[in-house]
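Grab a pencil and work through these exercises with the viewer open. Try each task yourself before you read its solution.

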Amino acid sequence: MSDFVYLASQSPRRRQLLEQLGVRHELLLPDAGEDSEALEAVRSGEAPAAYVQRVTGLKLDAALARLKRRGLPPAPVLCSDTTVALGRTIYGKPADAADAARMLRELAGRTHRVLTAVAVQAGRKRVQALSDSRVTFAPMTRAQIASYVAGGEPMGKAGAYAVQGGAAAHISRIAGSYTGIMGLPLFETARLLRELSVRF
């Protein structure tokens, strides 16, 4: 039994979602020398679901090595990664404002998938889950896209938008897990934590 977990994520939304579940957690963030962005490189021809699960596993491996290196008390480690996909095209975090606008132009007026993988490890036992949701954007004018990008919200977000932010004004339909689209599917996460006897 454990009464807290390590969250290996820099996302404030994932922290909020864990708090919503009532899970006590401590952050286990990368050291200054770690290149966590490099773990997110896409392999040629990689399917979105395979990609997001592979990246989550790599992030969890890096977090477990970090835990050991720092000599911290043992507890389950939770990692999660989200990607946006249109067909087999993977939309990661935009490189800059122009890249964010390009992504939004491509997603506008269409339905895309949001895939969030979660992996938790306690001792030698690793459990994982994949949340697969669909989001439909209404058509957007160039002015609407420019205004949204200018607000800065798309930066650091897969697919260049935050479902819980201003983008909601342009989302006509959602099917699946709202919290999964935000970055941590709570139904799947709760199931994994119960499987590892985490108290919450």
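**Exercise 1: helix α3**

Helix α3 spans residues 97–107, and its buried residues are Asp99, Ala100, Ala101, Met103, Leu104 and Leu107. Buried here means under 20% relative accessible area, while exposed means over 50% and partly exposed is in between (1.4 Å probe, protein chains only). Helices (H or I, at least four residues) and strands (E, at least two) are DSSP runs, numbered from the N terminus.

A quick word on what you're looking at: this is a predicted model, where local features need pLDDT of at least 70, side-chain atom pairs count only at pLDDT 80 or more, and totals for chains, interfaces and linings use all residues. Residues are numbered from 1 along each chain as its sequence is written, and side-chain values use heavy atoms, with hydrogens and water left out.

*Task.* Find which elements the buried residues of α3 pack against, then look at what sits around the helix ends.

*Solution.*
- Step 1. An α-helix has 3.6 residues a turn, so residues three or four places apart point the same way.
- Step 2. The buried residues of α3 pack against β3, β4, β5, β6 (125–137) and α4 (142–150).
- Step 3. At the N-terminal end, aspartate 96 acts as the cap, with a side-chain oxygen 3.3 Å from the backbone nitrogen of alanine 98.
- Step 4. After α3 comes glycine 109, with a positive phi near 75 degrees.

**Exercise 2: strand β3 and its partners**

*Task.* Work out which way the residues of β3 point, then pair the strand with its partners. Two strands pair if DSSP finds at least two bridges between them.

*Solution.*
- Step 1. Val77, Cys79, Asp81, Thr83 and Ala85 point one way, Leu78, Ser80, Thr82, Val84 and Leu86 point the other way, and all are buried.
- Step 2. Strand β1 (residues 5–7) runs parallel to β3, joined by two bridges; tyrosine 6 stands opposite valine 77.
- Step 3. With β5, the pairing is antiparallel over nine bridges, and serine 80 has valine 118 as its bridge partner there.
- Step 4. With strand β4 (residues 89–91), β3 makes three bridges, again antiparallel; here valine 84 partners tyrosine 91.
- Step 5. The β3 and β4 hairpin has two residues between the strands, and its glycine 87 takes a positive phi near 65 degrees.

**Exercise 3: threonine 111**

*Task.* Is threonine 111 buried, partly exposed or exposed, and what does this residue touch?

*Solution.*
- Step 1. Threonine 111 is found in strand β5.
- Step 2. Its relative accessible area is 43%, so threonine 111 is partly exposed.
- Step 3. Leaving aside neighbours within four places in sequence, threonine 111 is in contact (heavy atoms within 4.5 Å) with Leu86, Arg134, Val135 and Thr136.
- Step 4. The side chains of threonine 111 and threonine 136 share a polar contact of 2.7 Å. A polar contact is a pair of N or O atoms within 3.5 Å; within protein, one must be able to donate a hydrogen and the other to accept it, and residues adjacent in sequence count only if both atoms are side-chain atoms.
- Step 5. Arginine 173 is 62 residues away from threonine 111 in sequence, but 8.6 Å away in space, C-alpha to C-alpha.
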